[in-house]
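This report looks at how the parts of one protein chain meet, at the surroundings of its ligand, and at some details of its backbone. The structure comes first, and the description follows.

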Amino acid sequence: MTSLSDLPLRADLRGQIPYGAPQLHVPVALNVNENTHPIPEPVALDIVRALAEAVLTVNRYPDREFLELRERLAHYLGHGLTSDNIWAANGSNEVLQQVLQAFGGPGRSVLGFAPTYSMYSILASGTGTEWIAGTRDADFEVSPQTAADWVSRTDPDLVFLCSPNNPTGTRLSLETITAVYEASRGIVVVDEAYAEFEPAGTASALTLLPGRERLIVSRTMSKAFAFAGARVGYLAADPAVTDALRLVRLPYHLSAFTQAAANAALAHTDEMLAMVDDIRGQRDRLVVELARLGYSPYESGSNFVLFGGVADPHALFEALLAQGILIRDVGIAGHLRVSAGTAAETTVFLEALERLGRPTAAGAE
Ligand SMILES: *Cc1c(COP(=O)(O)O)cnc(C)c1O
(Lines give C-alpha, C1' and ligand atoms only; values in the text may rest on other atoms or scores of the structure.)
Protein backbone atom coordinates (compact mmCIF):
# COMPACT_ATOMS: atom_id res chain seq x y z
CA MET A 1 0.00 0.00 0.00
CA THR A 2 1.14 3.53 -0.78
CA SER A 3 1.66 5.96 2.08
CA LEU A 4 1.44 9.72 2.09
CA SER A 5 5.21 10.04 1.95
CA ASP A 6 5.25 8.15 -1.39
CA LEU A 7 3.02 10.76 -3.05
CA PRO A 8 4.18 13.95 -4.77
CA LEU A 9 2.54 16.06 -2.07
CA ARG A 10 3.16 19.83 -1.90
CA ALA A 11 6.30 20.35 0.20
CA ASP A 12 4.54 22.78 2.53
CA LEU A 13 1.87 20.18 3.37
CA ARG A 14 4.34 17.47 4.41
CA GLY A 15 4.06 16.70 8.11
CA GLN A 16 0.84 18.72 8.53
CA ILE A 17 -1.95 17.28 10.67
CA PRO A 18 -5.59 17.41 9.48
CA TYR A 19 -8.42 18.81 11.64
CA GLY A 20 -9.50 15.91 13.78
CA ALA A 21 -11.93 16.50 16.63
CA PRO A 22 -12.93 12.93 17.56
CA GLN A 23 -16.34 11.90 16.13
CA LEU A 24 -17.45 9.26 18.59
CA HIS A 25 -20.98 8.01 19.17
CA VAL A 26 -21.49 8.66 22.86
CA PRO A 27 -24.61 9.50 24.88
CA VAL A 28 -23.30 12.96 25.87
CA ALA A 29 -21.27 14.74 23.15
CA LEU A 30 -20.14 18.16 24.38
CA ASN A 31 -16.95 18.49 22.34
CA VAL A 32 -17.57 20.61 19.21
CA ASN A 33 -19.88 23.37 20.51
CA GLU A 34 -22.91 22.19 18.59
CA ASN A 35 -26.39 23.21 19.70
CA THR A 36 -27.40 19.87 21.25
CA HIS A 37 -31.13 20.66 20.98
CA PRO A 38 -32.74 19.27 17.82
CA ILE A 39 -34.54 21.85 15.65
CA PRO A 40 -38.29 22.16 16.38
CA GLU A 41 -40.42 19.63 14.49
CA PRO A 42 -42.69 22.18 12.71
CA VAL A 43 -39.56 23.87 11.33
CA ALA A 44 -38.10 20.50 10.36
CA LEU A 45 -41.28 19.72 8.40
CA ASP A 46 -41.09 23.06 6.58
CA ILE A 47 -37.48 22.33 5.66
CA VAL A 48 -38.47 18.92 4.31
CA ARG A 49 -41.19 20.54 2.19
CA ALA A 50 -38.64 23.00 0.80
CA LEU A 51 -36.22 20.17 0.04
CA ALA A 52 -38.99 18.17 -1.67
CA GLU A 53 -39.73 21.14 -3.90
CA ALA A 54 -36.04 21.68 -4.66
CA VAL A 55 -35.57 18.09 -5.78
CA LEU A 56 -38.07 18.62 -8.63
CA THR A 57 -35.67 21.07 -10.34
CA VAL A 58 -32.41 19.48 -9.29
CA ASN A 59 -31.62 18.65 -12.93
CA ARG A 60 -30.71 22.36 -13.21
CA TYR A 61 -27.80 24.14 -11.51
CA PRO A 62 -28.83 26.11 -8.43
CA ASP A 63 -28.94 29.92 -8.20
CA ARG A 64 -25.23 30.73 -8.39
CA GLU A 65 -25.85 34.04 -6.61
CA PHE A 66 -28.10 32.49 -3.89
CA LEU A 67 -29.99 35.77 -3.85
CA GLU A 68 -32.89 34.68 -1.63
CA LEU A 69 -30.47 33.35 0.97
CA ARG A 70 -28.43 36.57 0.91
CA GLU A 71 -31.62 38.63 1.32
CA ARG A 72 -32.76 36.52 4.26
CA LEU A 73 -29.34 36.69 5.95
CA ALA A 74 -29.19 40.47 5.47
CA HIS A 75 -32.65 40.78 7.02
CA TYR A 76 -31.62 38.56 9.94
CA LEU A 77 -28.45 40.58 10.64
CA GLY A 78 -30.15 43.99 10.37
CA HIS A 79 -27.78 46.97 10.77
CA GLY A 80 -29.00 48.34 7.42
CA LEU A 81 -27.25 45.54 5.52
CA THR A 82 -28.56 44.41 2.13
CA SER A 83 -27.96 41.31 0.00
CA ASP A 84 -25.02 43.18 -1.64
CA ASN A 85 -23.17 43.03 1.70
CA ILE A 86 -23.69 39.30 2.24
CA TRP A 87 -21.75 36.25 1.11
CA ALA A 88 -22.29 32.62 2.11
CA ALA A 89 -20.65 29.23 1.68
CA ASN A 90 -20.66 25.68 3.00
CA GLY A 91 -19.88 26.61 6.60
CA SER A 92 -17.93 29.63 7.76
CA ASN A 93 -14.81 27.50 7.36
CA GLU A 94 -15.35 27.68 3.59
CA VAL A 95 -16.10 31.41 3.85
CA LEU A 96 -12.76 31.91 5.63
CA GLN A 97 -10.98 29.72 3.10
CA GLN A 98 -12.36 31.84 0.25
CA VAL A 99 -11.21 34.99 2.07
CA LEU A 100 -7.69 33.52 2.26
CA GLN A 101 -7.83 32.44 -1.40
CA ALA A 102 -8.70 36.00 -2.43
CA PHE A 103 -6.56 38.01 -0.01
CA GLY A 104 -3.88 35.59 1.22
CA GLY A 105 -1.84 32.97 -0.61
CA PRO A 106 1.89 32.42 -1.24
CA GLY A 107 4.04 35.31 -0.06
CA ARG A 108 1.23 36.64 2.14
CA SER A 109 0.50 36.22 5.85
CA VAL A 110 -2.42 36.06 8.30
CA LEU A 111 -2.12 37.04 11.97
CA GLY A 112 -4.21 35.53 14.77
CA PHE A 113 -3.99 35.57 18.56
CA ALA A 114 -3.27 32.13 20.02
CA PRO A 115 -4.82 30.14 21.53
CA THR A 116 -7.60 30.57 18.97
CA TYR A 117 -9.73 28.55 16.56
CA SER A 118 -7.59 25.67 15.32
CA MET A 119 -8.92 25.91 11.75
CA TYR A 120 -7.26 29.29 11.13
CA SER A 121 -3.75 27.85 10.84
CA ILE A 122 -5.04 24.84 8.88
CA LEU A 123 -6.84 27.11 6.36
CA ALA A 124 -3.71 29.24 6.13
CA SER A 125 -1.62 26.17 5.37
CA GLY A 126 -4.09 24.87 2.76
CA THR A 127 -4.01 28.20 0.91
CA GLY A 128 -0.23 28.63 1.18
CA THR A 129 -0.62 31.63 3.49
CA GLU A 130 1.90 32.12 6.30
CA TRP A 131 0.26 31.80 9.75
CA ILE A 132 1.52 34.21 12.41
CA ALA A 133 0.53 33.27 15.96
CA GLY A 134 0.34 36.44 18.06
CA THR A 135 -0.04 36.19 21.84
CA ARG A 136 -2.67 37.31 24.34
CA ASP A 137 -2.59 39.19 27.64
CA ALA A 138 -3.49 37.67 31.03
CA ASP A 139 -6.69 35.59 31.08
CA PHE A 140 -6.57 35.33 27.25
CA GLU A 141 -7.69 38.96 26.81
CA VAL A 142 -6.34 41.05 23.91
CA SER A 143 -6.01 44.75 24.66
CA PRO A 144 -6.07 47.34 21.85
CA GLN A 145 -2.38 48.02 22.54
CA THR A 146 -1.31 44.36 22.45
CA ALA A 147 -3.25 43.79 19.23
CA ALA A 148 -2.01 46.93 17.48
CA ASP A 149 1.60 46.16 18.50
CA TRP A 150 1.39 42.72 16.91
CA VAL A 151 -0.06 44.19 13.72
CA SER A 152 2.63 46.88 13.49
CA ARG A 153 5.42 44.41 14.20
CA THR A 154 4.32 41.72 11.71
CA ASP A 155 2.50 43.77 9.01
CA PRO A 156 0.13 40.92 8.04
CA ASP A 157 -2.03 40.85 4.90
CA LEU A 158 -4.97 39.58 6.98
CA VAL A 159 -5.88 39.48 10.67
CA PHE A 160 -8.30 36.87 12.03
CA LEU A 161 -10.00 37.97 15.24
CA CYS A 162 -12.34 35.53 16.97
CA SER A 163 -14.99 37.05 19.24
CA PRO A 164 -15.98 35.39 21.47
CA ASN A 165 -12.77 33.42 21.06
CA ASN A 166 -12.77 29.67 20.62
CA PRO A 167 -11.49 27.83 22.72
CA THR A 168 -11.29 30.36 25.56
CA GLY A 169 -14.74 32.05 25.39
CA THR A 170 -13.05 35.46 25.71
CA ARG A 171 -14.92 38.44 24.26
CA LEU A 172 -13.07 41.05 22.26
CA SER A 173 -13.84 44.76 22.69
CA LEU A 174 -14.81 46.93 19.73
CA GLU A 175 -11.82 49.09 20.76
CA THR A 176 -9.45 46.19 20.07
CA ILE A 177 -11.09 45.57 16.70
CA THR A 178 -10.82 49.23 15.64
CA ALA A 179 -7.22 49.38 16.91
CA VAL A 180 -6.35 46.39 14.70
CA TYR A 181 -8.15 47.95 11.73
CA GLU A 182 -6.35 51.24 12.11
CA ALA A 183 -2.93 49.62 12.59
CA SER A 184 -3.28 47.34 9.57
CA ARG A 185 -3.34 47.81 5.81
CA GLY A 186 -4.94 44.40 5.19
CA ILE A 187 -8.21 42.55 5.58
CA VAL A 188 -9.53 42.27 9.16
CA VAL A 189 -11.92 39.38 9.78
CA VAL A 190 -13.98 39.24 12.97
CA ASP A 191 -15.26 35.67 13.38
CA GLU A 192 -18.52 35.98 15.34
CA ALA A 193 -19.50 32.30 15.17
CA TYR A 194 -20.88 32.55 18.73
CA ALA A 195 -22.39 36.07 18.58
CA GLU A 196 -25.91 34.92 19.47
CA PHE A 197 -24.67 33.62 22.84
CA GLU A 198 -23.23 36.96 23.95
CA PRO A 199 -25.00 38.89 26.69
CA ALA A 200 -28.06 40.77 25.41
CA GLY A 201 -27.13 44.28 24.26
CA THR A 202 -23.55 43.36 23.26
CA ALA A 203 -22.52 45.44 20.23
CA SER A 204 -21.47 43.31 17.26
CA ALA A 205 -18.55 44.19 14.98
CA LEU A 206 -21.32 44.65 12.38
CA THR A 207 -21.74 48.15 13.87
CA LEU A 208 -18.19 48.93 12.70
CA LEU A 209 -18.74 48.05 9.01
CA PRO A 210 -19.82 51.45 7.62
CA GLY A 211 -16.76 53.21 6.19
CA ARG A 212 -14.43 50.24 6.79
CA GLU A 213 -14.11 48.46 3.44
CA ARG A 214 -11.37 46.09 4.69
CA LEU A 215 -13.49 44.77 7.58
CA ILE A 216 -15.32 41.42 7.33
CA VAL A 217 -17.67 39.97 9.96
CA SER A 218 -18.25 36.22 9.62
CA ARG A 219 -21.10 34.24 11.14
CA THR A 220 -22.43 30.70 10.97
CA MET A 221 -25.68 28.78 11.25
CA SER A 222 -23.75 25.88 12.83
CA LYS A 223 -23.96 26.94 16.47
CA ALA A 224 -26.91 29.00 17.76
CA PHE A 225 -29.09 27.99 14.77
CA ALA A 226 -28.62 24.26 15.43
CA PHE A 227 -27.74 23.77 11.75
CA ALA A 228 -24.20 22.33 11.89
CA GLY A 229 -25.06 19.39 9.62
CA ALA A 230 -26.42 21.65 6.87
CA ARG A 231 -23.10 23.56 6.45
CA VAL A 232 -24.08 27.20 6.11
CA GLY A 233 -21.71 30.04 7.04
CA TYR A 234 -21.80 33.64 5.85
CA LEU A 235 -20.21 37.04 6.13
CA ALA A 236 -21.11 40.70 5.97
CA ALA A 237 -18.76 43.21 4.34
CA ASP A 238 -18.47 45.93 1.74
CA PRO A 239 -19.93 44.77 -1.63
CA ALA A 240 -16.41 44.99 -3.13
CA VAL A 241 -15.34 42.16 -0.79
CA THR A 242 -18.08 39.87 -2.11
CA ASP A 243 -16.95 40.74 -5.64
CA ALA A 244 -13.47 39.56 -4.69
CA LEU A 245 -14.86 36.27 -3.37
CA ARG A 246 -16.67 35.65 -6.68
CA LEU A 247 -13.20 35.34 -8.23
CA VAL A 248 -12.29 32.31 -6.10
CA ARG A 249 -15.55 30.51 -5.29
CA LEU A 250 -16.48 27.45 -7.29
CA PRO A 251 -19.50 28.08 -9.49
CA TYR A 252 -22.74 26.88 -7.84
CA HIS A 253 -20.92 26.15 -4.58
CA LEU A 254 -24.12 26.28 -2.51
CA SER A 255 -26.29 23.36 -3.60
CA ALA A 256 -29.99 23.73 -4.28
CA PHE A 257 -30.65 21.64 -1.16
CA THR A 258 -28.42 23.79 1.04
CA GLN A 259 -30.12 26.96 -0.20
CA ALA A 260 -33.62 25.50 0.22
CA ALA A 261 -32.92 24.23 3.73
CA ALA A 262 -31.29 27.46 4.88
CA ASN A 263 -34.05 29.62 3.42
CA ALA A 264 -36.72 27.52 5.12
CA ALA A 265 -34.85 27.66 8.44
CA LEU A 266 -34.40 31.43 8.18
CA ALA A 267 -38.17 31.82 7.74
CA HIS A 268 -38.34 30.56 11.36
CA THR A 269 -35.54 32.51 13.00
CA ASP A 270 -37.30 32.86 16.35
CA GLU A 271 -38.06 29.14 16.69
CA MET A 272 -34.55 28.20 15.51
CA LEU A 273 -33.01 30.45 18.17
CA ALA A 274 -35.50 29.52 20.90
CA MET A 275 -32.99 27.45 22.88
CA VAL A 276 -30.24 30.08 22.96
CA ASP A 277 -31.38 31.53 26.33
CA ASP A 278 -31.50 28.06 27.80
CA ILE A 279 -27.98 27.28 26.54
CA ARG A 280 -26.67 30.56 27.98
CA GLY A 281 -28.17 29.50 31.30
CA GLN A 282 -26.38 26.13 31.15
CA ARG A 283 -23.11 27.90 30.26
CA ASP A 284 -23.42 30.17 33.29
CA ARG A 285 -24.28 27.14 35.42
CA LEU A 286 -21.10 25.41 34.18
CA VAL A 287 -18.99 28.42 35.25
CA VAL A 288 -20.53 28.44 38.74
CA GLU A 289 -20.43 24.67 39.26
CA LEU A 290 -16.92 24.14 37.87
CA ALA A 291 -15.65 26.75 40.34
CA ARG A 292 -17.53 25.03 43.17
CA LEU A 293 -15.85 21.74 42.20
CA GLY A 294 -12.44 23.38 42.56
CA TYR A 295 -11.66 24.11 38.90
CA SER A 296 -10.87 27.50 37.37
CA PRO A 297 -13.45 28.26 34.66
CA TYR A 298 -13.19 31.35 32.45
CA GLU A 299 -16.06 33.73 31.81
CA SER A 300 -17.55 32.92 28.42
CA GLY A 301 -19.60 34.83 25.85
CA SER A 302 -20.19 31.65 23.88
CA ASN A 303 -21.84 28.25 24.33
CA PHE A 304 -18.81 26.56 25.90
CA VAL A 305 -16.56 26.98 28.91
CA LEU A 306 -12.79 26.56 29.18
CA PHE A 307 -11.66 25.49 32.62
CA GLY A 308 -8.22 25.27 34.20
CA GLY A 309 -6.97 23.57 37.32
CA VAL A 310 -7.04 20.15 35.63
CA ALA A 311 -4.12 18.12 37.01
CA ASP A 312 -4.08 15.69 34.08
CA PRO A 313 -6.32 16.78 31.17
CA HIS A 314 -5.78 13.56 29.22
CA ALA A 315 -6.71 11.37 32.22
CA LEU A 316 -9.84 13.41 33.00
CA PHE A 317 -10.85 13.39 29.32
CA GLU A 318 -10.52 9.59 29.24
CA ALA A 319 -12.32 9.10 32.58
CA LEU A 320 -15.30 11.12 31.31
CA LEU A 321 -15.26 9.29 27.97
CA ALA A 322 -15.42 5.96 29.81
CA GLN A 323 -18.75 7.24 31.19
CA GLY A 324 -20.02 8.20 27.73
CA ILE A 325 -19.22 11.91 28.04
CA LEU A 326 -17.11 13.49 25.30
CA ILE A 327 -15.52 16.91 25.93
CA ARG A 328 -12.49 18.58 24.32
CA ASP A 329 -8.80 18.62 25.07
CA VAL A 330 -7.77 21.80 23.23
CA GLY A 331 -4.08 21.36 23.93
CA ILE A 332 -3.79 24.06 26.62
CA ALA A 333 -1.82 22.63 29.56
CA GLY A 334 -4.01 22.07 32.63
CA HIS A 335 -7.23 22.92 30.79
CA LEU A 336 -10.24 21.29 29.10
CA ARG A 337 -13.23 22.74 27.23
CA VAL A 338 -16.86 21.67 27.54
CA SER A 339 -19.89 22.75 25.48
CA ALA A 340 -23.09 23.80 27.23
CA GLY A 341 -25.66 21.13 26.38
CA THR A 342 -29.23 20.60 27.46
CA ALA A 343 -29.92 20.86 31.19
CA ALA A 344 -29.88 17.04 31.37
CA GLU A 345 -26.55 16.70 29.53
CA THR A 346 -24.96 19.41 31.65
CA THR A 347 -26.16 17.59 34.77
CA VAL A 348 -24.67 14.28 33.58
CA PHE A 349 -21.32 16.01 32.97
CA LEU A 350 -21.23 17.85 36.30
CA GLU A 351 -22.29 14.79 38.30
CA ALA A 352 -19.62 12.66 36.64
CA LEU A 353 -17.03 15.31 37.41
CA GLU A 354 -18.12 15.43 41.03
CA ARG A 355 -17.92 11.64 41.33
CA LEU A 356 -14.41 11.68 39.85
CA GLY A 357 -13.33 13.89 42.73
CA ARG A 358 -11.84 17.32 43.16
CA PRO A 359 -8.68 18.29 41.30
CA THR A 360 -5.59 17.75 43.45
CA ALA A 361 -3.82 20.73 44.98
CA ALA A 362 -0.97 20.16 42.51
CA GLY A 363 -3.35 20.71 39.62
CA ALA A 364 -5.00 23.85 40.98
CA GLU A 365 -3.80 27.18 39.64
C1 LIG B 1 -17.59 26.39 15.07
C2 LIG B 1 -16.84 27.56 14.57
C3 LIG B 1 -17.03 28.04 13.28
C4 LIG B 1 -18.09 27.42 12.42
O5 LIG B 1 -17.66 26.68 11.40
P6 LIG B 1 -18.72 26.19 10.31
O7 LIG B 1 -17.82 25.86 9.19
O8 LIG B 1 -19.63 27.34 10.01
O9 LIG B 1 -19.45 25.03 10.89
C10 LIG B 1 -16.33 29.15 12.85
N11 LIG B 1 -15.49 29.78 13.68
C12 LIG B 1 -15.31 29.37 14.93
C13 LIG B 1 -14.41 30.12 15.82
C14 LIG B 1 -15.96 28.25 15.40
O15 LIG B 1 -15.75 27.83 16.65
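## The interface between the domains

In this predicted model, domain 1 and domain 2 bury about 1,500 Å² between them, and 62% of that area is on carbon and sulfur atoms. On the side of domain 1 that touches domain 2, the elements that give two or more residues are helix H10 (276-292) and strand E10 (304-308). The largest share of this side comes from H10, which provides four residues. By residue class, the side of domain 1 that touches domain 2 divides into eight nonpolar, seven polar and five charged residues.

As for polar interactions, nine residue pairs are in polar contact between domain 1 and domain 2, counting pairs with both residues at pLDDT 80 or more. Across this interface of domain 1 and domain 2, however, the rule finds zero salt bridges.

## How the chain is divided

Domain 1 is made up of two segments, 21-37 and 275-363, while domain 2 is made up of residues 41-269. The C-alpha centres of domain 1 and domain 2 lie 26 Å apart, and the contact takes 20 residues from domain 1 and 19 residues from domain 2.

## The surroundings of the ligand

The ligand is surrounded by 13 residues, of which the closest are Ser92, Tyr194, Thr220, Ser222 and Lys223. For Ser92 the approach is through the backbone, with a polar backbone atom 2.6 Å from an oxygen atom of the ligand.

Thr220 and Ser222 approach through their side chains: an N or O atom in the side chain of Thr220 is 2.6 Å from an oxygen atom of the ligand, and an N or O atom in the side chain of Ser222 is likewise 2.6 Å from an oxygen atom of the ligand.

## Details of the backbone

The loop between strand E5 (158-162) and helix H6 (174-183) holds Pro164, and Pro167 is also found in the loop between E5 and H6. A cis peptide bond joins Pro164 to Ser163, with omega about -10 degrees, and a cis peptide bond joins Pro167 to Asn166, with omega about 15 degrees.

Another backbone detail concerns Asn33, which lies in the loop between strand E1 (28-29) and helix H1 (41-55). The phi angle of Asn33 is near 60 degrees, which is a positive value in a residue other than glycine.

Technical notes: Residues numbered from 1 in each chain as written. Predicted model: local features only at pLDDT ≥ 70, side-chain atom pairs only at ≥ 80, totals over all residues. Heavy atoms only, no water. Domains from an automatic or database assignment. Contact = heavy atoms within 4.5 Å. Buried area = accessible area lost by both parts, 1.4 Å probe. Salt bridge = Lys/Arg side-chain N within 4 Å of Asp/Glu carboxyl O. Polar contact = N/O pair within 3.5 Å; in protein donor to acceptor, adjacent residues only side chain to side chain. Nonpolar A, V, L, I, M, F, W, Y, C, P; charged D, E, K, R; others polar. Near = heavy atom within 4 Å.
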